[in-house]
Amino acid sequence: MLQRKIYIKIRRRAHRFYSIILLAMILVFNGCTSHKGDLRFNSPSTGDIFNISGRISLPEIIETDSARASLTTLTDFSNFKLTAGETTAQADKNGNFYLSGVNFSDSLVIGAISNKIALLRRVTADELCYSDLSNIEIDVNSTAEAMIYLQGVLLKKDLTPADIRAREYVDGIASLTSAIKLSMQLPKTSISKTNLELPAVVAASKEVALKCISRDNVLKEANTVLRHAFLRKDLELVKLYISPSFGNDWDTTSNWDDVVNYFEKLFSNNDFVTLTWEIMETELLENSTARIRTKVNAVIRENTNDEIACNKTWTFDALWRLEGTIWKLYRNMPYRDTHPTQVDADLRWGEISSAHAELQAAINREDLDALGSRISDAFRNAFDGNSTKTELLLVAAQRFNNMDVKISDYSIESIKFTGNESAEVTCTGRVKVINILLGKDIDSGLVKAKVVWHKEDGVWRIYRDLPYKFTHPVTFD
């Protein structure tokens, strides 16, 4: 009888621990999108070239170069030389220009110079990749924005067009454009190089750039406070810096109450070993909101057994909003295991995440029926002709009974949506188990998998290429 009790105890422990094994293999379901985001995109290689055309627009009154200098509007733009990197062109009489073979640059500024009058136009990497470059305009407004951008570069801050066009800087930009207009009315003899190098123009552009950076520092400070609140396990401070309207694009159940309840439990049972919080980019949006691309790594240890419960890195585009006098995290902060680790997660990602959560629960219950509901009837593996849904479930059942886990580790890379109802999920993982009956260790080594999901009758299911045997490939081509 005692021997039977010991066997039952071992078998139950095998059931409980092996659920983690299969879970680790199925964790390739998790991940996040790899398509273009709001702040970043797949930049072209440095060898890519672009053709840019448009016109110079200068209705403002300027000082002419005629023998009898006078203030007038310009009617002939043919003296303007345009430069874009190493590419040059001459404008025609009407101000039209064509720049052929411009090399890609994420800091491209087009210059248009005639004698001592200079105009500028910043062309962002985003515009190079996605915008119509056949009808751009170079004028005083584009010059002001480019001047602010260049001042930001000198101050080691990449100011985006959204940063510069924020409502709070309207007065500063108006002062800068006035300074540029007045600089073009000065006698050419009073200008050393170009009108844009005059102290009044430089000072006005630097003033706006500093205001943009100052606002950026306030946002960084808010992020620092939130990080310290987590480290100190200060729930009241967390409550203050999470917006009452908080939500996540990928998880409709996320709200202020859910965040507070989650961290209340986390703080009670765990400690942060380390928590790094890196701001990668900021972009001011309308209605006093800001998009902040943030990279967070958290190493969390359980209080009861000193085991590492989490060692994970998230990169996400958090939306912060100025509410009263405090910037608060308003949208898109991952905090649960099922939340994305990379940017660009959307509702579809959330659907796959929910499917993954169902699989976790099914495995913990050793519920083969629930597990099978998330496997396509057409499931196959390209690397194993014997793989079927039936065989996968048979292997799962056998391992529930016979295995115990030693090491279970994985790292998510990406989800690529190949259609509205298909996705490729990529991750790496390692599983080391002991066969209870044989007393023998089995180590998968580092496994990299790309699992195909299909949405069938409204339900996301695993369709192709899930490695679930130790004989399955450890990488893919």
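Let me begin with a term: a residue is called buried when its relative accessible area is under 20%, exposed when over 50%, and partly exposed in between, using a 1.4 Å probe and protein chains only. What we have here is a predicted model, in which local features need pLDDT of at least 70 and side-chain atom pairs count only at pLDDT 80 or more, while totals for chains, interfaces and linings use all residues. Residues are numbered from 1 along each chain as its sequence is written, and side-chain values use heavy atoms, with hydrogens and water left out.

The chain has 477 residues, of which 48% are buried, and its secondary structure comes to 11 helices and 20 strands, these being DSSP runs numbered from the N terminus (H or I of at least four residues for helices, E of at least two for strands).

I would like to dwell on strand 4, residues 81-84, where the side chains alternate: L82 and A84 point to one face and are buried, whereas K81 and T83 point to the other face and are not. Strands pair if DSSP finds at least two bridges between them. With strand 5, residues 87-90, strand 4 runs antiparallel and shares 4 bridges, L82 having A89 as its bridge partner. In the hairpin of these strands, which has 2 residues between them, G85 takes a positive phi near 65 degrees. Strand 4 is also joined by 3 bridges to strand 7, residues 108-114, again antiparallel, and here the bridge partner of T83 is G111.

Finally, taking contact as heavy atoms within 4.5 Å, residues 24 or more positions apart account for 65% of the chain's contacts with a separation of 6 or more.
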